[in-house]
Amino acid sequence: MEPFLRIINIPMTSIEKLKFLSEDQVRSIAKQYGTPVFVYSQSEIQKKIDEALHFPNAFGLQVRYAMKASPNVNILKMMQAKGVLIDASSEHEVTRAIAAGFAPSSIMLTSQQFPKELESIVKSGVMFNACSLRQLEAYGQSFPGKEVSLRFNPGLGSGHTKKTDVGGVTSSFGIWHEKLMDVQAIVSKYNLKVTKVHTHIGSGSDPEVWKAVAKYTLEYAEAFPDVTVVSLGGGYKVGRMADEKSTDLQKIGEPVKQLFVEFSEKFGRKLVLEIEPGTYLVALCAALITTIDDKIDTGKNGFTFLKLDTGMDANTRPSLYGARHPLVTVKQDPSVKIEKVEEYVVVGHCCESGDVFTQKEGGEPITRPMQTAELGDFVVMEAVGAYCSAMSTKNYNSFPETQEVLLTSTGEIKLIRKKQEIPEIYRNEISVF
Ligand SMILES: *Cc1c(COP(=O)(O)O)cnc(C)c1O
């Protein structure tokens, strides 16, 4: 008897479902590779790239992939094959993109930290996006007369939490919009040629917000007559859970396109639009297959917990900002039919109280209705293509880096990153005893 089992009346139809894998594929990948394992879908990624390449535009479009979202070489190569350029967030990402085969001229560096090797990076042909007055000044000193891009903070943001907001007074990203005079002073002091202006304000799907941001960004383009490209950054929100909304690129793009047309009528300049999606291109295109390692409960006023064989070392988004990912039960035995729904708190394998996959922002655990799951069954965590593998608390508790496989468009499974060997975790340590 299981006295604490909470069987509830939630219709099966409201339970999250697998997005691109079949149950048989889940079982066979788990059997062949073991769990946990990230599975990326080539055709889903290609679909998203095609959608981005059809973003409405008046006088041309450039799409940059914000590679920090998921930098595996194979994903970078899929981007390159379709003519997508690179947004690098550090000088090391520049190195990584070049190693993957990108020409330096197809990379723009937008870095919170001023690059320590700026000279060689810029000399190789990478475009620099100055994100602060200090960055612009230092760039001007090294490269007087050279072209540069400017990142502005337009004074508004639209992230769904303060932690994903990268615009407005609480954000340190970009040059504050009221400092235009200071920017102009540095630009003329070093005779810099501003050929691009850039904003990136965080995750949002509201056409009104995009229109407002485009309007401000075009004002910066107006202030710098050499600007030919206007970048509106990324932040195109996608719905990971069934009740979350995804951005309709056509809907947010149309009013933006109109503003570019008006700008050209007013100033006779046909500006190219640039967008920099990270999330949009990959978030929904990967799943993490995990196995239930334990199932416990905390009594009749408590909860039933599912402990997975993965944790914040593979996906830290729930711990970091209460992000929700679909959690789908797949029975180990294909002949078992599930028709019950239970409420679970789903936790990771790290010895850290914050390693909970079902929690509110701030840490309070919440339950998730799922199809009944037992030890040895699989839980597939969906929509883990962006900021999961790339942003995890990797190696915490000395868990190895999680393996990654690719489901190719012809239906094959290929290993694209092997599970880390344990000695790799402590390889850089130097014993002095
Ligand atoms: C992270 C980042 C992006 C991508 O943001 P998403 O929310 O993943 O679309 C784009 N541009 C810049 C400058 C970034 O730092």
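These are my notebook entries on a predicted model, from the ligand outwards to a few odd backbone spots.

**Entry 1: the ligand**

I began with the ligand and asked which residues come nearest to it. Of the 14 residues around the ligand, the nearest are Lys 68, Gly 235, Glu 276, Thr 279 and Tyr 387. I then sorted the shell by type and got 3 nonpolar, 7 polar and 4 charged residues.

Next I went through some polar contacts. Tyr 387 puts a side-chain N or O atom 2.5 Å from an oxygen atom of the ligand. Glu 276 has a polar side-chain atom 2.6 Å from a ligand nitrogen. With Gly 278 the backbone does the job: one of its N or O atoms sits 3.0 Å from a ligand oxygen. How much of the ligand's accessible area does the protein cover? On its own the ligand has 380 Å², and the protein covers 92% of that.

**Entry 2: Tyr 387 again, and its loop**

Tyr 387 had caught my eye, so I looked up where Tyr 387 lies: the loop between β16 and β17. Is Tyr 387 buried or exposed? Its relative accessibility is 15%, and the limit for buried is under 20%, so Tyr 387 counts as buried.

I also checked the backbone here. Most residues other than glycine have a negative phi. Tyr 387 is not a glycine, yet its phi is positive, about 60°. Asn 397 does this as well, with a positive phi of about 60° and no glycine in sight. I found Asn 397 in the loop between β16 and β17 too. Asn 397 counts as partly exposed because its relative accessibility is 31%.

**Entry 3: a cis bond**

Most peptide bonds are trans. I noted one that is cis: the bond from Thr 35 to Pro 36, with omega near 0°. Pro 36 belongs to the loop between α1 (23-33) and β1 (37-41).

**Entry 4: salt bridges**

Side chains of opposite charge can pair when their charged atoms come close. How many salt bridges are there here? The count comes to 19, and I followed up three of them.

Lys 196 pairs with Glu 274, with 2.9 Å between the closest N and O atoms. Lys 196 is in strand β8 and Glu 274 in strand β10 (residues 272-275), so this pair ties together parts 78 residues apart in sequence. Lys 196 is buried at 2% relative accessible area, and Glu 274 is buried at 0%.

Lys 331 and Asp 377 meet at 2.7 Å, N to O. This pair also links distant parts of the chain, 46 residues apart. Lys 331 sits in the loop between β13 (327-330) and β14 (341-347), while Asp 377 sits in the loop between β15 (368-371) and β16 (378-382). Both Lys 331 and Asp 377 are buried.

The third bridge joins Arg 417 and Glu 404, at 3.6 Å from N to O. Arg 417 is in strand β18 (residues 413-417) and Glu 404 in strand β17 (residues 403-407), 13 residues apart. Arg 417 and Glu 404 are both buried. What does this pair belong to? Bridges with shared partners join Lys 394, Glu 401, Glu 404 and Arg 417 into one network.

**Entry 5: back to β8**

Since I already had β8 on screen, I looked up Thr 195, which lies in that strand (residues 193-198). Thr 195 counts as buried, at 10% relative accessibility. Its side chain makes a polar contact of 2.9 Å with the side chain of Glu 147.

**Entry 6: two pairs in space**

Tyr 236 is in the loop between β9 (229-231) and α9 (249-267), and at 3% relative accessible area Tyr 236 is buried. How far is Tyr 236 from Ile 252 in space? The two are 9.5 Å apart, C-alpha to C-alpha, with their positions 16 residues apart in sequence.

His 92 is in helix α4 (residues 91-99) and counts as exposed, at 60% relative accessibility. The C-alpha atoms of His 92 and Glu 117 are 9.8 Å apart, although the two residues are 25 apart along the chain.

**Entry 7: a surface patch**

I finished on the surface. Ile 430, Val 432 and Phe 433 make a nonpolar patch of about 480 Å². Ile 430 lies in the segment after α12 (422-425) and is exposed, with a relative accessible area of 75%.

Definitions and conventions: Residues are numbered from 1 along each chain as its sequence is written. This is a predicted model: local features need pLDDT of at least 70, side-chain atom pairs count only at pLDDT 80 or more; totals for chains, interfaces and linings use all residues. Side-chain values use heavy atoms; hydrogens and water are left out. A residue is near a molecule or strand if one of its heavy atoms lies within 4 Å of it. A polar contact is a pair of N or O atoms within 3.5 Å; within protein, one must be able to donate a hydrogen and the other to accept it, and residues adjacent in sequence count only if both atoms are side-chain atoms. Accessible areas come from the Shrake-Rupley method with a 1.4 Å probe; for residues, only the protein chains shown count as cover. Ala, Val, Leu, Ile, Met, Phe, Trp, Tyr, Cys and Pro count as nonpolar, Asp, Glu, Lys and Arg as charged, and the others, Gly among them, as polar. Patches are made of residues with over 30% relative accessible area and no salt bridge: like charges are joined within 9 Å, nonpolar side chains (Val, Leu, Ile, Met, Phe, Trp, Tyr) within 5 Å. A salt bridge is a side-chain nitrogen of Lys or Arg within 4 Å of a carboxyl oxygen of Asp or Glu. Helices (H or I, at least four residues) and strands (E, at least two) are DSSP runs, numbered from the N terminus. Buried means under 20% relative accessible area, exposed over 50%, partly exposed in between (1.4 Å probe, protein chains only).
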